[in-house]
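Subject: Structure handover

Hello,

Here is the structure I promised to pass on. Please open it first, then read my notes below.

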Amino acid sequence: MLLVELYQAGQLQIGRDGKIYPTRGASNEDQTLNAVLADLQAQRYSELAATWLNYLVRRDECATTLVWQRLVRGGDALAEKSGWRRRRSRYVLTELRATIWARRYIEEHVTDNIEEIPETAVVLWRGLKELRLDAALEIAPDIERRLDRTPLPADLAPLFAALTHVLARLATPL
């Protein structure tokens, strides 16, 4: 989803060939997005979306820490004091239901007119469905149907196809 955020901020493009093209010279105020953007810009040649998703999976500990730090900066999580045996901070969500903000956003922005549904709501919904977190949102069935009928932006299709492939590979036992 970090790649989707960079796309929506206009800091990268996704070609029809499925390659990601970062905008040169772009930077982001968000430290987490800026770290991913810097990695993208450091490459000499553009890579396929699947390559970047696999890269983020391999850097899981780093990417996870960056996301937790972002949640702490936003007030959505707290870093617990680590004991003398624990090297790293442990993070906890401040809201017991971490999906509540996503549900509120979707319910506020999804109208009866499919053409008025913002791209961000569609992308958020599709991302949560890919991660199998959609059921936790407890969205009304009529809103789910509207979101499912709203097309995903064409530029993001290669990224979501790569996400589906990477998640399937990770879920497959060795």
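A residue counts as buried under 20% relative accessible area, as exposed over 50%, and as partly exposed in between. Asp 142 has 35% relative accessibility, so Asp 142 counts as partly exposed. Keep those cut-offs in mind for the residues below. Please also note that this is a predicted model.

**The chain overall**

The chain has 174 residues, and 33% of them count as buried. It contains 9 helices and 5 strands. Along the sequence, these follow the pattern α-β-β-α-β-α-α-β-β-α-α-α-α-α. Take the contacts between residues at least 6 apart in sequence: 56% of them join residues at least 24 apart. The exposed area of the chain is about 11,100 Å². Carbon and sulfur atoms supply 52% of that area.

**The sheet**

In which order do the 3 strands of the open sheet lie? The order is E1-E2-E3, with antiparallel pairing. Strand E1 (12-14) and strand E3 (47-48) are the edge strands, and each pairs on one side only. Strand E2 covers residues 19-22 and is joined to E3 by 2 bridges. E2 and E3 run antiparallel. Across this pairing, Ile 20 stands opposite Glu 47 in E3. As background, strands of a sheet pair through backbone hydrogen bonds, either parallel or antiparallel.

**Salt bridges, and Arg 146**

How many salt bridges does a search of the whole structure find? It finds 4. Three of them are described here, starting with those of Arg 146.

Arg 146 is found in helix H8. Is Arg 146 buried or exposed? Its relative accessibility is 9%, so Arg 146 counts as buried. That value is under the 20% cut-off.

Asp 112 and Arg 146 meet through their side chains in a salt bridge, at 3.2 Å from N to O. This pair links distant parts of the chain, 34 residues apart. Asp 112 sits in the loop between helix H5 (100-109) and helix H6 (119-130), while Arg 146 sits in helix H8. The two partners also sit in different accessibility classes. Asp 112 has a relative accessible area of 67%, so it is exposed. Arg 146, at 9%, is buried.

Asp 142 is another partner of Arg 146. Their side chains form a salt bridge at 2.5 Å, N to O. Both residues lie in helix H8. They are 4 residues apart, which is about one turn of the helix. Put together, Asp 112, Asp 142 and Arg 146 are linked in a network of salt bridges.

Arg 146 has further neighbours. A polar atom of its side chain lies 3.1 Å from the backbone oxygen of Thr 111. Leaving out residues up to four places away in sequence, Arg 146 touches Val 110, Thr 111, Asp 112, Ile 114 and Ile 117.

**Another salt bridge on helix H8**

Which side chain meets Asp 148 in a salt bridge? Lys 129 does, at 3.1 Å from N to O. This pair also links distant parts of the chain: Lys 129 is in helix H6 and Asp 148 in helix H8, 19 residues apart. Lys 129 counts as partly exposed because its relative accessibility is 32%. Asp 148 has a relative accessible area of 36%, so Asp 148 is partly exposed.

**A nonpolar patch**

Which residues make the nonpolar surface patch of about 240 Å²? They are Met 1, Leu 131 and Leu 133. Met 1 lies in the segment before helix H1 (2-8). At 38% relative accessibility, Met 1 counts as partly exposed.

**A backbone detail**

Look at Glu 138 as well. Its phi is near 55 degrees, a positive value in a residue other than glycine. Glu 138 is found in the loop between helix H7 (134-137) and helix H8 (141-149). Its relative accessibility is 54%, so Glu 138 counts as exposed.

**Where to look in the viewer**

- Arg 146 in helix H8, for the network with Asp 112 and Asp 142.
- Lys 129 and Asp 148, for the salt bridge between their side chains.
- Ile 20 and Glu 47, for the residues that stand opposite each other.
- Met 1, Leu 131 and Leu 133, for the nonpolar surface patch.

Best wishes

Methods
Residues numbered from 1 in each chain as written. Predicted model: local features only at pLDDT ≥ 70, side-chain atom pairs only at ≥ 80, totals over all residues. Heavy atoms only, no water. Patch = residues over 30% accessible without salt bridge, like charges linked within 9 Å, V, L, I, M, F, W, Y side chains within 5 Å. Areas by Shrake-Rupley, 256 points an atom, 1.4 Å probe, with all protein chains shown as cover. Buried < 20%, exposed > 50% of the residue type's maximum accessible area, 1.4 Å probe, protein only. Pairing = 2+ DSSP bridges. Polar contact = N/O pair within 3.5 Å; in protein donor to acceptor, adjacent residues only side chain to side chain. Contact = heavy atoms within 4.5 Å.
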